[in-house]
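Colleague: I have not looked at this one before. Can you walk me through it?
Modeller: Yes, here it is.
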Amino acid sequence: HDALPISALPREIPNYAEVSEVDVYGRRTPNPCFNNPDFRAYLGGKIESLLLGYPSEVDGIAWGCERMGPLDYLTSGSETITCFCPFCLTKARELGISTSRARAGYKELIQLFRARGPEARPVDGYFVTFWRILLKYPEILSWESLWTNSFQGVQEELYGMAKAIAPEKPFGFHLMQNMTFSPFYRAEEDYTQRRNYADFLKLACYNNAAGPRMAAYLNNLSHTVFADATPNEFIDFYYKIMNYHEAPYDQLASGGLSPDYVTQVTKRAIHGVAGEVKIYPGIDINVPTLGRNPKTTDKKTSPEDIKHAIQAAIGAGADGVVLSREYVEMWLANLTAAGDALREAFAQEKQS
């Protein structure tokens, strides 16, 4: 079913809707819930099947799932606020979180970010009003933590299961690229905790695709929590928050991000795991972009881009790299450049 669009899953897979998340309005969504015991059993069964059913064929597992909490999605421009299924409601009661107040708070945020135009702007502006709603409904952050802790708790559970079955085989995680864009999501992906349940981390730091992707993310921020300003107006402040040194907003989509972005993402991860987890940055080889803006031409990967990105990752201390994302996307000239750059890097390492 990997070929199916996610919106089709509830229609095409029998009983899929029974494990799906419920949004703030009580509607089923296409995403499964990590607090649903049937879905957790399904995930555990996959790990058992791989490690017990194919002991000589499977050398290790890289687990990837690109999901974020409800507040992360809301600040990124989505109104799909989850999860309010019976299992999440039970967990909320056990944690002492008011479901009704969490719903009310998220609904107020949705209405705030829906407001458009000078006449719709709140008297105190978007950011102050956003913060006022958080103060009025602390349950918003509590629900965000509930979701994130459930998501990461499943990952920790799967890691423990895998190590119990095959302790000698590495088990690690793919971390989605939005973690390198969003200061909110970055705060939730704490490397000092990640190192307790991972043998390696593959970081999505695709610097060529990152230009258009970051531009899209900043545009979303300018319609939500930073709606008081345009991306051109707040990008310098954003770069200081994230410790990036990149191009102006209007050059991001066409120019991509620099190799220094790969360096910064890699160094931050290495510092966080303190040598206890191997770090493998994902190197962008023709990773597709959305191309939503007809006025710009999205950055395309070149052999020189590959060389510089690999040099940045290895120079920052990475344990290796992952050529990303999929072979069928990669131009052979760029794949050749990756091989040349890696051979050069390993040759220099041997000499030193």
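Modeller: Start with Cys83, which lies in the loop between α3 (70-75) and α4 (86-95); helices (H or I, at least four residues) and strands (E, at least two) are DSSP runs, numbered from the N terminus. This is a predicted model, where local features need pLDDT of at least 70, side-chain atom pairs count only at pLDDT 80 or more, and totals for chains, interfaces and linings use all residues. Residues are numbered from 1 along each chain as its sequence is written, and side-chain values use heavy atoms, with hydrogens and water left out.

Colleague: What joins Thr82 and Cys83?
Modeller: A cis peptide bond, with omega about -5°. The bond from Ser324 to Arg325 is also cis, with omega near 0°. Arg325 sits in the loop between β7 (322-324) and α16 (332-351).

Colleague: Back to the cysteines. How many disulfides does a search of the whole structure find?
Modeller: The search finds 0 disulfides, a disulfide being a pair of cysteine sulfur atoms within 2.5 Å. Cys85 is in none, and its nearest cysteine sulfur, that of Cys83, is 3.6 Å away.

Colleague: And why is there no bond between Cys88 and Cys33?
Modeller: Because the sulfur of Cys88 is 3.5 Å from the one in Cys33, its closest cysteine sulfur, and that is too far for a bond.

Colleague: Is Cys88 buried or exposed?
Modeller: Cys88 is buried, with a relative accessible area of 2%. Cys85 counts as buried too, at 2% relative accessibility. Buried means under 20% relative accessible area, exposed over 50%, and partly exposed in between (1.4 Å probe, protein chains only).

Colleague: Now the empty space. How much lies in the largest pocket?
Modeller: About 1,200 Å³. On a 1 Å grid over the protein atoms alone, a pocket is an open set of points with protein on both sides within 12 Å along at least five of seven lines, a cavity is a set where a 1.4 Å probe fits but cannot get out, and lining residues have an atom within 4 Å of a point. Grid points are joined across faces, edges and corners, and a volume is the space filled by probe spheres set on the points.

Colleague: Which residues are closest to the centre of that pocket?
Modeller: Of the 29 residues lining the largest pocket, those are Glu66, Met176, Gln177, Arg213 and Arg325. The elements that give two or more residues to this lining are β3 (61-64), α8 (178-181), β5 (200-204) and α11 (207-221). The largest share, 4 residues, comes from α11.

Colleague: How many cavities of 30 Å³ or more are there?
Modeller: The count is 3. The largest cavity holds about 60 Å³ of space, and its lining includes Trp63, Cys65, Phe151, His174 and Met176. Two or more lining residues come from each of α7 (139-165) and β4 (171-175), with β4 giving the largest share, 3 residues.

Colleague: Switching to the backbone. What is phi of Asn15?
Modeller: Phi of Asn15 is near 65°, a positive value in a residue other than glycine. Asn15 lies in the loop between α1 (9-12) and β1 (20-22) and counts as exposed at 61% relative accessibility. For Ala274, phi is near 55°, again positive in a residue other than glycine. Ala274 is in the loop between α14 (259-273) and β6 (278-284) and counts as partly exposed, at 46% relative accessibility.
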